[in-house]
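I opened a new notebook page for this chain. The plan is to look up the fold first, then the core, then one loop residue.

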Amino acid sequence: VSKRFADLNRAVPQQEKGVPLTSKAEDINTVVGHIRDLAQSPNASDWHMAILRADAALEDLLRHMGYEGVTLADRLSIMDPHVMPSLDKVWSAHRLRNSIAHDPLQQHSKEIILAALSSYEAAFRELGYIRSQDQTNEPPDEIIRTT
């Protein structure tokens with residue numbers, strides 16, 4: 001318990017909470033566009049690549065924000081669920097990523113892939129790197145469309 005408390009004390013720089021840097025936000029939007037393209041593919045290996053890219057983008061983003069740790073799991077373990085309300089869903093998406101990375105021949109349904117991608121998208125929104133649909137008059141710009 002005391003180790004986890006110590007991790008929390010050094011985890012989040014106060015000035016970085018939810019305040020994106022413009023160049024990193026532009027990078028994330030480019031990556032998200034590529035992830036959307038992969039998710040729309042009829043090829044299951046592209047769906048897997050979308051998960052791998054979304055996971056890597058979230059790890060880069062959290063590192064850029066100052067969250068400490070060697071892996072994304074380290075960074076997620078010190079995340080405050082108030083900063084990222086989708087944290088539990090992101091953990092599930094990250095476990096799917098690990099499954100894909102360690103057993104790339106295992107089949108996953110498109111529905112599971114899309115749910116995981118939606119979790120990553122929610123995290124990007126909650127961290128302020130993708131604008132929420134209620135902040136704009138434009139229709140929602142989701143990573144994936146199920147119809």
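What pattern does the protein chain follow, read along the sequence? I read α-α-α-α-α-α. I note that the model is predicted.

**Entry 1: overall.** I counted six helices and zero strands in the protein chain. The chain has 147 residues, and 39% of them count as buried. I looked up the exposed surface, which is about 8,400 Å², with 53% of it supplied by carbon and sulfur atoms. I then took the contacts between residues at least 6 apart in sequence; 63% of these join residues at least 24 apart.

**Entry 2: core.** I listed the largest nonpolar core and found 35 residues in it. The members that touch the most others are Leu-58, Leu-62, Met-79, Met-84, Phe-124 and Leu-127. I checked which helices contribute: H2 (22-40), H3 (44-64), H4 (72-77), H5 (87-102) and H6 (110-126) each supply at least two residues. H3 gives the largest share, eight residues.

I followed Leu-58 further, leaving aside neighbours within four places in sequence. Its contacts are Leu-72, Met-84, Val-90, Tyr-120, Ala-123, Phe-124 and Leu-127.

**Entry 3: a loop residue.** Is His-108 buried or exposed? I found His-108 in the loop between H5 and H6. Its relative accessible area is 12%, so His-108 counts as buried, the cut-off being under 20%. I also looked up what His-108 touches, not counting residues up to four places away in sequence: Trp-47, His-48, Leu-96, Ser-99, Ile-100 and Ile-113.

Conventions. Residues are numbered from 1 along each chain as its sequence is written. This is a predicted model: local features need pLDDT of at least 70, side-chain atom pairs count only at pLDDT 80 or more; totals for chains, interfaces and linings use all residues. Side-chain values use heavy atoms; hydrogens and water are left out. A nonpolar core is a set of buried Ala, Val, Leu, Ile, Met, Phe, Trp, Tyr and Cys residues joined through side-chain atoms within 4.5 Å. Buried means under 20% relative accessible area, exposed over 50%, partly exposed in between (1.4 Å probe, protein chains only). Helices (H or I, at least four residues) and strands (E, at least two) are DSSP runs, numbered from the N terminus. Contact means heavy atoms within 4.5 Å. Accessible areas come from the Shrake-Rupley method with a 1.4 Å probe; for residues, only the protein chains shown count as cover.
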